[in-house]
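User: I want to see how the labels on an aromatic pair and its helices are earned. Please walk me through the values and the cut-offs.

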Amino acid sequence: MALLNNEKDVLPLSSISELLSAKIRTLKMYEDKRLLPLKNNTIKKLYSINDIKIIAFVHYLANIKKINSNGIIYILEMIEKNMDEKNRNDFLDIIENKLENISENEIQDLESF
């Protein structure tokens with residue numbers, strides 16, 4: 001059995017919006033503001049599992065922590081420039097675990113927003 005490749009681009013934004021319980025329009029806005037990982041394929045943009053972790057983190061920062069796009073860009077640049085790949089992946093795993101534990105009230109607040 002082959003191991004999963006977390007770097008392979010396989011999911012469109014529509015699938016990611018379902019995974020995150022986010023509106024596709026919100027994710028497209030993040031894309032327009034250059035908050036999502038850049039993709040070269042212009043016909044149909046696909047994202048990897050590792051990209052989804054970043055997208056979930058961006059969604060958390062924007063909607064739960066209410067950080068504006070410039071602040072999110074700064075945070076993402078700090079992560080990219082100051083962490084090697086292993087530490088960045090460990091950090092994103094920690095964030096993923098914390099996001100899974102967000103309370104139901106916070107999720108409902110997001111949906112009503």
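Analyst: The turns below take the labels one by one. This is a predicted model, where local features need pLDDT of at least 70, side-chain atom pairs count only at pLDDT 80 or more, and totals for chains, interfaces and linings use all residues. Residues are numbered from 1 along each chain as its sequence is written, and side-chain values use heavy atoms, with hydrogens and water left out.

User: Why is the pair of F57 and F91 called edge-to-face?

Analyst: Phe, Tyr and Trp rings (for Trp, the six-membered one) pair if their centres lie within 6.5 Å; planes under 30 degrees apart are stacked, over 60 edge-to-face, the rest tilted. Here the centres are 5.7 Å apart and the planes stand at 90°, so the pair is edge-to-face.

User: What makes F57 buried? And why is F91 called partly exposed?

Analyst: Buried means under 20% relative accessible area, exposed over 50%, partly exposed in between (1.4 Å probe, protein chains only). F57 has 5%, so F57 is buried. F91 has 24%, so F91 is partly exposed.

User: Which helices hold the two rings?

Analyst: F57 sits in α3 (residues 49–63) and F91 in α5 (residues 85–100). Helices are DSSP runs (H or I, at least four residues), numbered from the N terminus.

User: Why are α3 and α5 called oblique?

Analyst: Their axes, lines fitted to C-alpha atoms over the stretch in contact, cross at roughly 55°. Angles (0 to 180 degrees between N-to-C directions) under 35 degrees are roughly parallel, over 145 roughly antiparallel, 65 to 115 roughly perpendicular, the rest oblique. The two helices are therefore oblique to each other.
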